[in-house]
Amino acid sequence: MSEKRSLLRAKDQVVLIKKELTYGIDSTPSHANAVQFSKIEINATIEKEQRENVNGRLGHQGAFTVGEKIEITGTVYLTGSGVAGNAPNYGLLLEMCAHAVEVKEGLSVTYTPTDVDLASGTVYWRSGAVQHKATGVRGSVEFTLDPKKVPVANFKLEGIYSDPELVDAPISGVDFTVIENPIAINFKSSSLIFFNEVNPIAYSLSFNPGIAMSYRDLIGYQGVDLTDRKGDIKIKLETTDRGYIETLARAKNNDYGNFAFEFGSEAGSMIRFEAEQIQLSDSPKLAYENDIGVFDLTAAIVPKDRNTDYSITFS
């Protein structure tokens, strides 16, 4: 009789994530720690070194495994918790991407960049009976905030490899019904400030904290660490004759400005991105969309002090 086997189905995937008390030590997440992704990919990266001997013949000689790690990429809908002062379902992921969190009970949860006391998590990925675990998981995040679309957070994570296993008991008790429905970004739901201009006409917007993480497998250490952070904002703005002149002058003179973007109108659903100081970092690129002039702009986030680059507030 052939051995019983089951297919891996995309919709069978469940991801459990729990904060680690000690870096790299399995925090044993359960159904209560399930995070809802709209897209998820997990890949085991096996690093190999080729055998190269002089042996009197051509051809491959085989390879040695010299390292392994887990890579996870995933997308979540950018939503609030539904209750002001409560973190969103994916809040731990933001912490694992080098963010500190400040909770004001009943009011707000704010994430700001940090370079000390970095959080990490243990991830259990389940698909059918397969469970693959990664510990010491950290990574980076980027936010896509385009109009007439649902805003999303895109995560790239890395962690310490463990061999996958078959687990007979299914994960039960996961309840995603408490997660808020996402709010599409449009004229009614959002507001924007860019270089002190209120609600300029924007065709696209992305916010990248610029977090750089490095997986290191060395003598005496294995793990994922923050190495740099250089955030930027990419925006496509409609321009006018006066706007054309002002934008080029702003770029030429290295002017500083501010940035704020907010969407949602009810308590528990509002999300605000804010950067106190930004500066155009590339030459403004003029193009035409539907015969209307637009600038493609990149603005560097320039912190005034350590870890003051920006804030992301859920209220």
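Select strand S19, residues 292-301, in this predicted model. The strand is mostly covered, with 7 of its 10 residues buried. Keep S19 highlighted while you pick out its partners.

**Stop 1: the partners of S19**

Add strand S15, residues 232-238. S15 and S19 run antiparallel, joined by 7 bridges. To see one of these pairings, click Ile233 and then Ala299 in S19, its bridge partner.

Next, add strand S17, residues 271-280. S17 also pairs with S19 in the antiparallel sense, here over 3 bridges. Click Gln279, then look in S19 for its bridge partner, Ala300.

Now bring in S18. How many bridges join S18 to S19? There are 5, and the two strands run antiparallel. Glu289 has its bridge partner in S19 at Ile292.

While the strands are on screen, follow the side chains along one of them. In a regular strand they alternate between the two faces of the sheet.

**Stop 2: the turn of the hairpin**

Stay with S18 and S19, which form a hairpin with 2 residues between the strands. Select Asn290. Its phi is positive, near 55°.

**Stop 3: a nonpolar patch**

Show the surface and select Tyr244, Ile245, Leu248, Leu286 and Tyr288. Together these residues form a nonpolar patch with about 510 Å² of accessible area. Which elements give two or more residues to the patch? They are helix H2, residues 241-252, and strand S18, residues 285-289. H2 gives the most, with 3 residues.

Zoom in on Leu286. This residue sits in strand S18, the strand you met as a partner of S19. Is Leu286 buried, partly exposed or exposed? Leu286 counts as partly exposed because its relative accessible area is 40%, and that class lies between the cut-offs of 20% and 50%.

**Stop 4: Pro182 in its loop**

Leave the patch and go to Pro182. Look for it in the loop between strand S9, residues 165-166, and strand S10, residues 190-194. Pro182 is partly exposed because its relative accessibility is 32%.

What does Pro182 touch, leaving aside its neighbours within four places in sequence? Select Tyr77, Thr79 and Val150: Pro182 is in contact with these residues.

For a last step, draw a distance from Pro182 to Val152, using the C-alpha atoms. The two residues are 30 apart along the chain, and the separation is 9.1 Å.

Terms used: Residues are numbered from 1 along each chain as its sequence is written. This is a predicted model: local features need pLDDT of at least 70, side-chain atom pairs count only at pLDDT 80 or more; totals for chains, interfaces and linings use all residues. Side-chain values use heavy atoms; hydrogens and water are left out. Helices (H or I, at least four residues) and strands (E, at least two) are DSSP runs, numbered from the N terminus. Buried means under 20% relative accessible area, exposed over 50%, partly exposed in between (1.4 Å probe, protein chains only). Contact means heavy atoms within 4.5 Å. Patches are made of residues with over 30% relative accessible area and no salt bridge: like charges are joined within 9 Å, nonpolar side chains (Val, Leu, Ile, Met, Phe, Trp, Tyr) within 5 Å. Accessible areas come from the Shrake-Rupley method with a 1.4 Å probe; for residues, only the protein chains shown count as cover. A salt bridge is a side-chain nitrogen of Lys or Arg within 4 Å of a carboxyl oxygen of Asp or Glu. Two strands pair if DSSP finds at least two bridges between them.
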